Amino acid sequence: MVQNAETRFSNVLFYGVVLCLAYLVFRVFQPFLAPLGWAAVFGVIFYSLRKRFERKWGRTQSAVLITLGVTLILIVPVLLLAAMFVREGIAAARDIQAAMVGGGYGWLSHAWGWLASHIAADGITVDLPDLLRQGASRAGEYMAAELGAVIRNIVVFLFELFVMIFALFYFLRDGDAMLNRFRLFLPFEETMTERMLAEARELIFASVTTSLVIAAVQGIICGGAFAIVGLSSPIFWGVVMGFLSLLPVVGAWPIWIPAAIWMFSTGHAGRALILIAICGALGATIDNILRPVLLGGRASLNGLLVFISVLGGIAVFGVLGVVLGPIVVATAVGILDVYSGTVVAESAPDAPVL
């Protein structure tokens with residue numbers, strides 16, 4: 001009896017120590033979760049490329065090459081784009097505010113007046129120029145505040161960028177060892193574990209990578225259209241439309257449709273038609289062409305899951321959630337698909353022997 005009590009006490013003490021260690025490890029890694037998360041995302045995306053490079057140059061050299069490639073081809077351009085995005089965002093807010101102050105809304109003012117007179121309650125009037133000026137002023141203040149935050153935290157950002165690149169090298173070099181250790185904690189058979197990991201990887205590439213590529217192409221096309229028709233801050237609006245293209249159903253139209261309406265109302269019908277043709281017709285055509293090619297017959301997340309995973313990921317993880325949210329959902333769906341298929345197969349009656 002005493003021995004059983006000692007055994008239970010030892011077990012409780014052991015698990016208590018394990019929980020305390022897990023909590024302390026989490027607190028140690030907590031400041032670096034965002035850069036480690038980005039490093040893990042890049043490690044998953046470039047996993048197949050790393051396997052091909054490893055057969056030619058070895059594990060360490062392939063990890064070095066891919067890390068340098070990610071730094072030079074992806075990170076440096078993204079940093080330059082982010083700097084131009086913030087600068088053009090502030091300029092765009094100022095341009096919109098200046099346009100609001102200058103007036104000149106054309107038939108848009110008459111349409112708003114008719115709508116307000118028929119819908120607004122008695123005694124309540126909504127002035128379109130004043131409403132737009134307030135919105136532009138708030139947008140400008142928000143952009144200025146964000147720019148100030150970026151400048152204040154530039155050292156922290158550069159340090160986290162260094163941590164991400166440093167961690168990416170080790171994720172690429174030791175990725176197989178990490179996966180082998182992860183497999184030990186999965187309470188499934190070896191064949192089922194391999195199927196789960198393969199299914200999750202396929203969904204990640206099919207859903208996340210495809211969405212990112214299409215969003216980037218849409219942002220380039222629509223931003224280029226803004227530059228062609230002479231609208232200011234095309235890089236800023238291109239990035240915004242690329243981000244919105246990550247969301248199914250939403251897409252880039254909440255930006256380019258108001259821009260086209262504005263150009264119609266100010267007497268630039270030809271430019272508005274060009275904008276509609278490029279952003280609407282060409283953008284939709286590119287989407288319909290690229291998506292089947294990139295998917296290559298592989299299953300992907302449906303539109304509802306992508307929509308919720310992107311917005312929910314942003315709410316939980318911040319900017320990292322744009323990629324990490326769909327990855328988490330895709331991994332969960334892959335595991336559930338394989339597990340449910342295995343359960344159904346095991347519960348099915350034995351096939352008759354002929």
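How far apart in helix α7 are F166 and Y170? The legends below take up this pair and other parts of the predicted model.

**View 1. F166 and Y170 in helix α7 form an edge-to-face aromatic pair.** The two residues lie four positions apart in α7, which spans residues 154-173, so about one helical turn separates F166 from Y170. Their ring centres are 5.2 Å apart, with 70° between the planes. F166 is partly exposed at 46% relative accessibility, and Y170 is partly exposed at 31%. Both belong to one aromatic cluster with F162 and F169.

**View 2. The rings of F42 and F46 are stacked.** A search of the whole structure gives nine aromatic pairs. In the pair F42 and F46, the centres are 6.4 Å apart and the planes meet at 25°, an angle under the 30 degrees required for stacking. F42 is buried, with 15% relative accessible area, and F46 is likewise buried, with 19%.

**View 3. The largest nonpolar core contains 24 residues.** The residues with the most contacts inside this core are F226, W237, M241, I255, W256, L275 and C279. At least two core residues come from each of α9 (190-228), α10 (234-244), α11 (253-265), α12 (269-295) and α13 (303-317). Another core lies apart from this one and has 13 residues, including I75, L161, M164 and F169.

**View 4. Surroundings of F226.** Neighbours within four places in sequence are left aside here. Beyond them, F226 is in contact with L231, P234, W237, M241, I255, W256, A259 and L275.

Key:
Residues are numbered from 1 along each chain as its sequence is written. This is a predicted model: local features need pLDDT of at least 70, side-chain atom pairs count only at pLDDT 80 or more; totals for chains, interfaces and linings use all residues. Side-chain values use heavy atoms; hydrogens and water are left out. A nonpolar core is a set of buried Ala, Val, Leu, Ile, Met, Phe, Trp, Tyr and Cys residues joined through side-chain atoms within 4.5 Å. Buried means under 20% relative accessible area, exposed over 50%, partly exposed in between (1.4 Å probe, protein chains only). Contact means heavy atoms within 4.5 Å. Rings of Phe, Tyr and Trp (its six-membered ring) pair if their centres lie within 6.5 Å; planes under 30 degrees apart count as stacked, over 60 as edge-to-face and the rest as tilted.
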